[in-house]
Amino acid sequence: MKKLMVALLILVAFSNIAMAQTDMYIGVFADDAYTTCYADVEAFAPVTIYLAAFLGEEVPGITAAEFSVDNWQGTIAGTSMVTMTWNTDLVIGTVEYGVALAFSTPIPGPFAFLGTATVLSMDAAWLADETLMTVVPATDSGMLQVVDGDFAPHDVMGGTFTYNCVDIAVCVCYEDGTASDATNWSSIKALY
């Protein structure tokens with residue numbers, strides 16, 4: 001019985017390691033080339049940000065995605081207006097708490113376009129410097145996943161996005177799981 005328990009614990013440990021080593025992630029970007037993960041927001045100057053899933057070579061396309069964004073900066077009456085436009089009409093939930101998207105035909109990679117958010121600030125003090133958002137599992141389901149064209153789910157990692165970045169060396173799109181001086185505890189927790 002002890003050997004069986006040890007074997008199960010080792011299997012669980014290896015499955016968690018394999019899940020954490022995936023290079024697929026859902027990210028938030030400042031450009032439709034999916035290369036920049038920071039943007040300055042000034043009062044009355046709309047900014048468009050892009051949400052996309054990086055699939056790498058593992059998955060050619062996706063039929064669904066589920067995630068949320070921690071510290072999402074949404075609409076606040078008189079201060080900001082954020083308008084979401086998804087790449088599908090099949091949307092359940094909100095990005096703050098958990099959103100599930102489904103696509104009638106697979107969205108191809110390596111970056112599968114999920115949608116955009118148009119951000120309009122009406123107050124120069126709305127966003128502080130280094131306001132960090134992190135893609136994390138959906139609150140209710142606990143899922144941070146994409147579903148491939150064969151309807152198989154794949155756990156993915158979460159990307160990061162920074163408003164009003166001061167030091168672009170630390171405003172990265174995706175943490176590879178290796179802690180550095182610039183990595184904070186919240187971003188490390190969000191990776192797992």
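Let us start at N71, which sits in the loop between β4 (61–70) and β5 (80–86); strands here are DSSP runs of E with at least two residues, numbered from the N terminus. The model is predicted, so local features need pLDDT of at least 70 and side-chain atom pairs count only at pLDDT 80 or more, while totals for chains, interfaces and linings use all residues. Residues are numbered from 1 along each chain as its sequence is written, and side-chain values use heavy atoms, leaving out hydrogens and water.

N71 is not a glycine, yet its phi is positive, about 65°. With a relative accessible area of 38%, N71 is partly exposed (buried means under 20%, exposed over 50%, partly exposed in between, using a 1.4 Å probe and protein chains only). F44, in the loop between β2 and β3 (47–54), also has a positive phi, near 65°, and is exposed at 59% relative accessibility.

Now look at the aromatic rings. Rings of Phe, Tyr and Trp (its six-membered ring) pair if their centres lie within 6.5 Å; planes under 30 degrees apart are stacked, over 60 edge-to-face, and the rest tilted. By this rule there are eight aromatic pairs. One of them is Y34 with F111, stacked at 4.9 Å centre to centre with 25° between the planes. This pair joins the loop between β1 (25–29) and β2 (38–39) to strand β8 (residues 111–121), across 77 residues. Y34 is buried at 14%, whereas F111 is partly exposed at 23%. Both belong to one aromatic cluster with Y25, F29 and F54.

Just before F111, take a look at P110, in the loop between β7 (98–108) and β8: the peptide bond from G109 to P110 is cis, with omega near 10°.

Note on methods. Helix = DSSP H or I, 4+ residues; strand = E, 2+ residues; numbered from the N terminus.
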